[in-house]
Amino acid sequence: MTYKEQIDPARVPSHIAIIMDGNGRWAKKQGSVRLVGHKFGVGSVRRVTEAAQIAGVKFLTLYAFSTENWNRPAAEVSGLMSLLGSTIESEIAELIKNNVRVKILGDGRLPESLRKKLMAAEDKTKDNTGLTLVLALSYSGRWEIAETARRIADEAAKGGLNPEKVDEELFASYMPGSFMPDPELLIRTSGEYRISNFLLWQTAYSEFYFTETLWPDFQAEDLYKAIVDYQHRERRFGMTSEQIQTK
């Protein structure tokens, strides 16, 4: 039986977040430059987006470029920006056809040409009602938390918010990523065991799934395997197993 066939459709996580890692190592194994790995990684994005739709996932967030990635060699960064631009242009028609909504999450530090293409993709897909594909670009969890604090402080300084009213729920409502629910499942490829400054607030109770598979090799069945693994876990949110079973 395939992993796809083992999935319980009633218990599919509504939001899956993925740290797409291993493009560079994959390219090195092929004797190629890192950018070749990124290009092959695009194929995995396409496969996983389609697989997530088939499984019934509502939100899929992909960590495409972190704020720390700006420190990589200039040639690689430039190549990545160009690849992102060409990919969003070539995929937009298919995304619209498949009823996928595109959302961008990040600090906005992107080349103007790429930023315009991403904004156009958001606008063209804004009325789609299927899967929401969130691209985390020039993103970090610490940036998002700091940005949220700035927004709240600005509102309070203007007299529009009483600081004593700030609690977890209000804080979350001011976050740049407040348009999406917290991910139930976080996947990281390539065998690394860390979350690398990704969705720090939102993953407080996410289930983590780590795989040795390098991102360009990640297939639909790999996603389904992660979902099956998730469905075998007990999510307690601080309660006991007995409490969960009696709910």
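Which side chains of strand 6 (residues 207–210) are buried, and which are not? In this predicted model, local features need pLDDT of at least 70 and side-chain atom pairs count only at pLDDT 80 or more, while totals for chains, interfaces and linings use all residues. Residues are numbered from 1 along each chain as its sequence is written, and side-chain values use heavy atoms, with hydrogens and water left out.

The side chains of strand 6 alternate: Glu207 and Tyr209 point to one face and are buried, whereas Phe208 and Phe210 point to the other and are not. Buried means under 20% relative accessible area (1.4 Å probe, protein chains only); strands (E, at least two residues) and helices (H or I, at least four) are DSSP runs, numbered from the N terminus. Strand 6 pairs with strand 5 (residues 185–188) in the parallel sense over four bridges, where pairing requires at least two DSSP bridges. Within this pair, Phe208 of strand 6 is the bridge partner of Leu186.

Turning to helix 8 (residues 220–231), we come to Gln231. Gln231 is buried, with a relative accessible area of 6%. Beyond its neighbours within four places in sequence, Gln231 is in contact with Gln6, Ile7, Asp8, Arg11 and Val12, contact being heavy atoms within 4.5 Å.

Key:
Buried < 20%, exposed > 50% of the residue type's maximum accessible area, 1.4 Å probe, protein only.
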